[in-house]
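Hello,

Here is the structure we spoke about handing over. Please look through it first; my notes follow below.

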Amino acid sequence: MKQGIKKLKLRKQHAIYLVVFMLTGAAILASKAPNIAIHAASSDYMYLSPSSGSHSAGSTFTVQIKENSYTDTVNAVQADLTYPTAKLQFVSTSLSGTAFGVTASNTGGSGNISIALGTIAAVSGDKLVATVTFKALASGTANVTFKNSSAVLSSTTNQNVAVAFNGGTYTIPGTTTPPPPSPTPSPTPHPSPTPPPSSGSTKSTPPPPPATSIAPKNNPKPVTIPDNSQVELNEQATVQTTPTNTGQVTKIEYYLNDKKVATVTQAPYNYSVDTTNMRNGTYKLTTKTYYQDGQVAAKNTSVIVKNPFGWNQFRLQARHYFAYVVIIILLIGFGTWYLIQRRGDQYLNSHMGGTPTSSGGPGNEPTAHVGTM
């Protein structure tokens with residue numbers, strides 16, 4: 001009987017120990033929960049803002065695509081979205097206010113939106129990528145989601161650092177808007193006679209400038225640069241040219257400040273420029289594409305070289321301004337010599353009574369005066 005009472009007391013003690021252990025573990029987890037939530041909130045991700053809303057059929061509304069990079073600096077984003085064409089209609093994409101000023105692609109329609117942007121200077125934090133305008137078509141719920149091809153690229157590793165892509169859900173209440181009445185067909189006019197071709201030869205329409213991109217050495221992914229834009233570089237980079245019709249291209253020439261630096265006659269058309277050996281300043285980079293029909297498409301870009309100032313940069317600057325330095329030294333030397341000569345003449349005139357004249361010739365003997373005795 002005593003042994004049974006002793007076993008019962010031990011079981012009660014074990015139960016008490018178990019309850020205390022569970023309560024202690026729960027308290028520890030509760031104290032760690034805020035830190036876990038903060039760590040999750042500090043991850044890199046892409047999202048839609050607002051993520052929900054109610055819009056009547058026939059109205060338009062905008063949705064912002066944003067990326068939030070807390071742990072990395074990024075320099076490129078790829079936002080690929082899908083939407084239901086029965087509920088929504090793609091209207092336009094605006095890049096106003098975006099943190100990524102270089103556009104690689106920007107398309108939308110047929111249930112898909114693809115936006116690829118980049119920037120030369122890396123960014124971090126909560127940044128605007130683009131603003132998309134939709135038109136609500138039919139009542140129901142429309143889900144706008146990110147595709148698996150979406151990415152936020154790190155500026156240091158060139159890898160996707162986004163851990164989540166949060167889409168949006170938008171409600172369209174009410175009934176669908178009735179379609180507008182079909183217009184009354186107008187009578188088909190009689191075709192006017194085609195004028196005869198002129199005897200002179202006509203020149204084909206000039207082709208559009210080919211797409212040009214720059215891939216810095218430390219970020220090998222090419223970034224498309226628009227015409228007449230500016231790019232800052234302080235490293236080696238590759239200029240890549242992609243014509244719309246490669247089969248009709250005969251050659252592509254590259255110019256720096258109107259001086260031809262490279263000629264490429266076959267794909268891939270690229271030119272490597274090492275800005276570390278260039279003097280700081282702004283250079284005009286011109287790409288000329290020659291076609292078989294004689295057409296030439298030119299594209300200009302301003303390359304701003306910003307190297308850290310050191311011995312190499314001092315040497316480049318000194319060599320560039322060498323002629324000016326020599327001219328200044330010569331002018332200073334001539335001016336100094338002229339002043340010395342002039343001061344010397346003034347000294348002689350004031351202390352020697354002017355320039356001495358020669359004597360001893362006939363008729364110039366000194367006259368002797370003899371006193372009377």
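**Glutamate 253 and its sheet**

Glutamate 253 touches Lys260, Ala262, Thr263, Thr286, Thr287, Lys288 and Tyr290, leaving aside residues up to four places away in sequence. Please keep in mind that this is a predicted model.

Is glutamate 253 buried or exposed? Its relative accessibility is 3%, and buried means under 20%, so glutamate 253 counts as buried.

Which side chains does the side chain of glutamate 253 meet in polar contacts? One is the side chain of tyrosine 255, at 2.4 Å. Another is the side chain of tyrosine 290, at 2.9 Å. Tyrosine 290 also appears in the list of residues that glutamate 253 touches.

Now the surroundings. Glutamate 253 is part of strand 15, which covers residues 249–256. Strand 15 belongs to an open sheet of five strands, in the order 13-19-18-15-16 and with mixed pairing. The edges of the sheet are strand 13 (229–233) and strand 16 (259–264); each has a single partner strand, so one side of each is left without a neighbour in the sheet. On average, neighbouring strands of this sheet are turned by 25° against each other, direction ignored.

How do strand 15 and strand 18 pair? Their pairing is antiparallel and runs over seven bridges, with strand 18 spanning residues 281–291. As one example from this pairing, valine 249 has tyrosine 291 in strand 18 as its bridge partner.

Regards

Terms used:
Residues numbered from 1 in each chain as written. Predicted model: local features only at pLDDT ≥ 70, side-chain atom pairs only at ≥ 80, totals over all residues. Heavy atoms only, no water. Helix = DSSP H or I, 4+ residues; strand = E, 2+ residues; numbered from the N terminus. Buried < 20%, exposed > 50% of the residue type's maximum accessible area, 1.4 Å probe, protein only. Polar contact = N/O pair within 3.5 Å; in protein donor to acceptor, adjacent residues only side chain to side chain. Contact = heavy atoms within 4.5 Å. Pairing = 2+ DSSP bridges. Axes fitted to C-alpha atoms, helices over the stretch in contact; angles between N-to-C directions.
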